Amino acid sequence: MEKIICIFIVLLYTGIPAQEKSVRLVEEKQKKRTIIYVQNDTDTDKSVFLKVNPVGYRKSAQRPIIKNIPAKSKVQMMILIPLTDVESNYTYDLIINQELETIDVDRSKSPKKEAGVASILKAENIIFTKKDCEKCIILISKLKAKHIKFREVNIDTKNRYREYLWELLEQDNYDKNTVGVPLGVIKGKLYYPIDDLEGFVEHVQNL
């Protein structure tokens, strides 16, 4: 009588969820410096806005960095060098745009560029001032006294922040030729005119 050996092969499949793909900040700590990267693990290119607020480093403040991060890549954004005998740390804001916007390129005006500036302003407090403005000086000092983070922009200097401000003023039927300072764009919302400085500072502090 023949013996028939039946071999049953059982394939077991373990359902392991795939790791979520993301765009994230990555730091590489070396002996005397920290290198900041942005890692893009997605399948598409991403345009990112990075604002780092360092404490205890050679540079007390950093300008926002806007870069294109190709798919499946890691791009160096900045190098932080700590001061000796000082405790160092930093916080950061990282905004990832779903659509590529050439907001870091000096080109002719386009809807994409303006949309990019709008997204940046939503992440910052912008105070527009001008030279020899006593009211501006008082407002800036009050904001600093309350340790409120903000960016001061001179209204007489041509820059992308000012161009976006003109758009907001026109939308609210203000005449940019007679506009007074100071005024603010807080998280994308226009505050003008600012007559009550104390009230404005308290409002921004409570946001």
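Strand 8 gives the lining of the second largest pocket its largest share, four residues. Keep in mind that this is a predicted model.

Let's stay with that pocket for a moment. It holds about 270 Å³ of space. Two elements give two or more residues to its lining: strand 8 (151–154) and helix 3 (160–171). Walking along the chain, you meet Arg63 and Pro64, then Arg151, Glu152, Val153 and Asn154, and finally Asn159, Arg160 and Tyr161, which together line the second largest pocket.

What sort of residues are these? By class, the lining of the second largest pocket has three nonpolar, two polar and four charged residues.

Now for a sheet elsewhere in the numbering. Three strands make up an open sheet, set in the order 1-2-5, and their pairing is antiparallel. Here is where each strand sits in the chain:

| Strand | Residues |
|---|---|
| Strand 1 | 23–29 |
| Strand 2 | 34–40 |
| Strand 5 | 73–80 |

Why do strand 1 and strand 5 each have one side without a neighbour in the sheet? Both stand at the edges with a single partner strand each, so one side of each is left open in that sense. As for how the strands lie, neighbours in this sheet are turned by 25° against each other on average, direction ignored.

The link between strand 2 and strand 5 can be followed residue by residue. These two run antiparallel and are joined by seven bridges. To see the pairing for yourself, look for Val38, which stands opposite Val75 in strand 5.

Note on methods. Residues are numbered from 1 along each chain as its sequence is written. This is a predicted model: local features need pLDDT of at least 70, side-chain atom pairs count only at pLDDT 80 or more; totals for chains, interfaces and linings use all residues. Side-chain values use heavy atoms; hydrogens and water are left out. On a 1 Å grid over the protein atoms alone, a cavity is a set of points where a 1.4 Å probe fits but cannot get out, and a pocket is an open set with protein on both sides within 12 Å along at least five of seven lines; lining residues have an atom within 4 Å of a point. Grid points are joined across faces, edges and corners, and a volume is the space filled by probe spheres set on the points. Ala, Val, Leu, Ile, Met, Phe, Trp, Tyr, Cys and Pro count as nonpolar, Asp, Glu, Lys and Arg as charged, and the others, Gly among them, as polar. Two strands pair if DSSP finds at least two bridges between them. Axes are lines fitted to C-alpha atoms, for helices over the stretch in contact, and angles run from 0 to 180 degrees between N-to-C directions.
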